[in-house]
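Open the model in your viewer and keep the selection panel at hand. Each stop below says what to select and what is there.

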Number of protein chains: 2
Amino acid sequence: MGKTMQNKLVQYFSELTALSSEERQDIENSMMINKFPKGTYLLKEGQIARDSYFVIKGLVREFILWDGDEKTTNFFSENQWIISLDTLASTPPSILNRVCVEDCVLVIGNEKMSKELFKKHPRFEAISRMVMEKTFAGQQQQMTSFFTESPEQRYLKLLKLRPDIFQRVPQYQIASYIGVKPESLSRIRKRIAKQ
Amino acid sequence: MGKTMQNKLVQYFSELTALSSEERQDIENSMMINKFPKGTYLLKEGQIARDSYFVIKGLVREFILWDGDEKTTNFFSENQWIISLDTLASTPPSILNRVCVEDCVLVIGNEKMSKELFKKHPRFEAISRMVMEKTFAGQQQQMTSFFTESPEQRYLKLLKLRPDIFQRVPQYQIASYIGVKPESLSRIRKRIAKQ
């Protein structure tokens, strides 16, 4: 895997905290990067979600099967973390599905790998905490958005914050993410186009 | 503040990882515990949420004002963390309200206090990461529950996992938490009582 790809995660960490060149090197060396072809399921309903991922390239869609329909709960793309914590919560198997919408390049992380890294570099505990906080903060926002925003507001927000998504996934997945049927999404788009 | 109260947080941490007696002592010494009378707002819509809290005693309700109605998004009680990460996400002020439903005793934490503790005891970074992960895992579950469970299922789950809540808050708050009008909650309760 190319140097540039590995640098993406190092760069992400560097924005959280200053890294020594030795630390940068160790991250690069210990990093497990894999390619996942389009259509690969990283997680299927009924499994235990153990692995977390950092998206170097590609797009992963998260959805729940609900009353026979797919309810899209998240899109993960470049520089985002897909964090799995099933092993911590005393939970039944996951009800989430996570599928690669495009060919993906992902860094894989899990409890075991983290522990080894933490043992060698205790400071990575702090970095890991920061990643967790940042991702958690994003999720808190997403959760309140579900409670308070109309589908139209959610559409406009997605368009503003993540315009690339509209070129990368089919319309029906956008519809299920903002919480409407595909027909209603067409109406929302027409209404917005007129304004 | 009594020793027993301080021990509650130490005990919580001990369940995550083994603590030396020096570490226990330092947690107890550095802990900032405050009493908050019933009705106190820890956070109001429009403010920046900077402080996190650990509930030693009491109950805090979180809600969003939405179309003139209160939508209850969380109840926090003994041994739970109320985590605020507004300063991390590049967010507008919070839309959440957090109010003490009972007289509360809370441990207060924030970025500045954590940093001081981390400097003295780098290992607390790890503990903080574990707290974050555990709370995050709980929130992930809650989020999928909102997507997939009916109000009746949410009612039964709350009754099973947190039966005390029903004695501690008025019915209309339970209703808004499970996502129905108070009238519908009465119907749900009657239906369940018949079974």
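The tour starts with the pair of chains, moves to their contact, and then visits salt bridges and a few single residues. Keep in mind throughout that this is a predicted model.

**Stop 1: the two chains**

Colour chain A and chain B separately. A rotation of 180° with 0.0 Å of shift along its axis brings chain A onto chain B, at an RMSD of 0.0 Å. That is the relation of a two-fold axis. Now select A:Arg129. Of the residues of chain A, A:Arg129 comes closest to the rotation axis, its C-alpha lying at 2.3 Å.

**Stop 2: the contact**

Select the residues of each chain that touch the other chain. You should have 31 residues from chain A and 31 residues from chain B. Do the copies meet through the same surface, or through another one? They meet through the same surface, because 100% of the interface residues of chain A are also interface residues in chain B.

Next, show the surface. The two chains bury about 3200 Å² between them. Carbon and sulfur atoms account for 72% of that area. Which residues of chain A lose the most area to chain B? Pick A:Arg129, A:Phe136 and A:Phe147. Together these three make up 23% of what the chain A side buries.

**Stop 3: polar links across the contact**

Stay at the interface and switch on side chains. Two salt bridges cross between chain A and chain B. For one of them, select B:Arg129 and A:Glu125, whose side chains meet with N to O at 2.7 Å. The count of residue pairs in polar contact between the chains is three, with both residues at pLDDT 80 or more.

Switch to a cartoon of chain A. Three elements each supply at least two residues of the side that touches chain B: strand E4 (60-66), strand E5 (69-76) and helix H4 (123-148). Which element gives the largest share? Select H4(A), which contributes 19 residues. Colour this side of chain A by residue class. The residues divide into 16 nonpolar, ten polar and five charged.

**Stop 4: B:Asn74**

Move to chain B and select B:Asn74. This residue sits in strand E5 of chain B, residues 69-76. Is B:Asn74 buried or exposed? B:Asn74 has a relative accessible area of 15%, so B:Asn74 is buried. Now show what surrounds this side chain. Leaving out residues up to four places away in sequence, B:Asn74 touches B:Val60, B:Arg61, B:Glu62, B:Gln142 and B:Tyr177.

**Stop 5: salt bridges from helix H2**

Return to chain A. Over all chains, the whole structure holds 26 salt bridges. Select A:Glu23 and A:Arg123, which form one with N to O at 2.8 Å. A:Glu23 is in helix H2 (residues 21-30) and A:Arg123 is in helix H4, so the pair ties together parts that are 100 residues apart in sequence. The partners sit in unlike surroundings. A:Glu23 counts as buried, at 10% relative accessibility. A:Arg123 counts as partly exposed, at 33%.

Stay on helix H2 and select A:Asp26 with A:Lys120. Their side chains also meet in a salt bridge, with N to O at 3.1 Å. A:Lys120 lies in helix H3 (residues 111-120), so its pairing with A:Asp26 of helix H2 ties together parts that are 94 residues apart in sequence. A:Asp26 counts as buried, at 12% relative accessibility. A:Lys120 counts as exposed, at 56%.

**Stop 6: within helix H3, and a network**

Select A:Glu116 and A:Lys112. They form a salt bridge whose closest N and O atoms are 3.9 Å apart. Both residues are exposed. Why are they separated by about one helical turn? Because they are four residues apart in helix H3 of chain A.

Then select A:Glu78, A:Glu102, A:Asp164 and A:Arg168 together. These four are linked in a network of salt bridges.

**Last stop: A:Arg187**

Select A:Arg187 in helix H8 of chain A, residues 182-194. A:Arg187 counts as exposed, at 51% relative accessibility; the cut-off for exposed is over 50%. Finish by drawing a distance to A:Ile95. A:Arg187 and A:Ile95 are 92 residues apart in sequence and 31 Å apart in space, C-alpha to C-alpha.

Note on methods
Residues are numbered from 1 along each chain as its sequence is written. Chains are lettered from A and ligands numbered from 1 in the order in which they are written. This is a predicted model: local features need pLDDT of at least 70, side-chain atom pairs count only at pLDDT 80 or more; totals for chains, interfaces and linings use all residues. Side-chain values use heavy atoms; hydrogens and water are left out. Contact means heavy atoms within 4.5 Å. Buried area is the accessible area (1.4 Å probe) that two parts lose on being put together, summed over both. A polar contact is a pair of N or O atoms within 3.5 Å; within protein, one must be able to donate a hydrogen and the other to accept it, and residues adjacent in sequence count only if both atoms are side-chain atoms. Ala, Val, Leu, Ile, Met, Phe, Trp, Tyr, Cys and Pro count as nonpolar, Asp, Glu, Lys and Arg as charged, and the others, Gly among them, as polar. Buried means under 20% relative accessible area, exposed over 50%, partly exposed in between (1.4 Å probe, protein chains only). Copies are superposed by least squares on the C-alpha atoms of residues with pLDDT of at least 70 in both.
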